[in-house]
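Me: I am new to this structure and would like to understand how the statements about its ligand are justified. Could we take them one at a time?

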Amino acid sequence: MHQGRTTLSKFLIQQLKGAPEQSDLAALLVDIAAAVKAISAMTAKGELGGVLGSLDSTNVQGETQKKLDVMADRAFINTFSMGGLVAGLASEENDDPIEIDPQDGSGRFLAVFDPLDGSSNIDVNVSVGSIFSVLRAPEGRAPVMADYLRPGSHQLAAGYAIYGPSTMFVLTVGKGTHGFTLDREVGNFILTHPHMQIPEDTSEFAINASNERFWEPPVQRYVLECKNGRTDVRERDFNMRWIASMVADIHRILMRGGVFMYPRDTKDPSKAGRLRLMYEANPMSYVVEQAGGIGSTGRVRILDIEPEQIHQRVPVIIGSRNEVERLERYHRDYDSGVDEKYSSPLFQERSLFAS
Ligand code: AHG
Ligand code: MN
Ligand code: MN
């Protein structure tokens, strides 16, 4: 039984052979998988482990921290501190990046992560996840903020864990996107989903529709057309899903296609979107692009954005190629005024003056 199984370590040795940086990266990914196993065990205990509920604290984003947010954050920080491979780290739960004592090794990497994604689902026993992104650390000096603020195209590796009915670890090092399932009895991640590919077309979309009145017209147009289904331009019916864990929604899209949107909205004008560039949008875009999909803000490729802040937020439109391209076209139509019904008010004002 189980003959010829490819473990995570065996897979990484095969994918990352060559320069010493490559084998260090393999070792780091095995460390991250170890933290994921610990978090998987915590989440699985639920009420019995005393891990549910909130703390009195808030994070830098003003969000109340759940116990598991902080426990998962600690699991990652401990792993990175002991591993000797990371020079610094930044996470959703910490205001500023944390430097790892160089005495523990000359870490080649920076780790940026969302320790627990989908926190609102913890207490109701719905899938949650963790997201990570690996960047190169500077050589011969301690990392500074500018070392973290690299575009997503500079990521050396990225991925996520999903704590669902099974725990999976999905990653890319720029050679496709590959999924591993945790064999709990043995404690190993086994390659179960090599070369994941997102179907180009889809009839499924994911968006928090309660925000509809705050969306921009191109997103309103897209969703309305999907809802109208076969009675409108799409000529087929669509289905909608919203788990409220980005990891779980994007995992579904990797498995069977779809488009995930947390677009720009006017709910809070000080925020460009809900999701964070460095530890949500960038790593998930890398994983999705490596599986044949697209990650976009609707106007630009997410991986090309020059970050300005570690906790900065961006609009996110991610998933099946043809649907994301359609949404980008709707944004262009809106911005340029090509589509009269959905053109930007700015453009309408200009053309009013012109006539
Ligand atoms: P986090 O739990 O790390 O703060 O992230 C939650 C994010 C994302 O996972 C999810 O897609 C989205 O917030 C859900 O937002 P709504 O509650 O507005 O639906
Ligand atoms: Mn998150
Ligand atoms: Mn989180």
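Reply: Gladly, and please keep in mind that this is a predicted model. The shell around ligand 1 draws at least three residues from each of domain 1 (8-193) and domain 2 (204-350).

Me: What makes a residue one of the 18 that surround ligand 1?

Reply: A residue is counted if one of its heavy atoms lies within 4 Å of the molecule. Among the 18 residues of ligand 1, the closest are Asp117, Gly118, Ser119, Met246 and Tyr262.

Me: Why is the pair between Asp117 and ligand 1 called a polar contact?

Reply: The term asks for a pair of N or O atoms within 3.5 Å. A polar side-chain atom of Asp117 lies 2.7 Å from an oxygen atom of the ligand, so the pair qualifies as a polar contact. The cut-off is likewise met by Asp114, with a polar side-chain atom 3.0 Å from a ligand oxygen, and by Arg276, where an N or O atom of the side chain is 3.1 Å from an oxygen of ligand 1. Of the 470 Å² of accessible area that ligand 1 has on its own, the protein covers 87%.

Me: Which strand gives the most to the shell around ligand 1?

Reply: That is E5, with three residues, while strand E5 (109-117), strand E13 (259-262) and strand E14 (275-276) each supply at least two.

Me: What makes seven residues of the shell count as charged?

Reply: Asp, Glu, Lys and Arg count as charged, and by this classing the shell around ligand 1 has seven charged residues, along with seven nonpolar and four polar ones.

How values were computed
Residues are numbered from 1 along each chain as its sequence is written. Chains are lettered from A and ligands numbered from 1 in the order in which they are written. This is a predicted model: local features need pLDDT of at least 70, side-chain atom pairs count only at pLDDT 80 or more; totals for chains, interfaces and linings use all residues. Side-chain values use heavy atoms; hydrogens and water are left out. A polar contact is a pair of N or O atoms within 3.5 Å; within protein, one must be able to donate a hydrogen and the other to accept it, and residues adjacent in sequence count only if both atoms are side-chain atoms. Accessible areas come from the Shrake-Rupley method with a 1.4 Å probe; for residues, only the protein chains shown count as cover. Helices (H or I, at least four residues) and strands (E, at least two) are DSSP runs, numbered from the N terminus. Domain bounds come from an automatic or database domain assignment.
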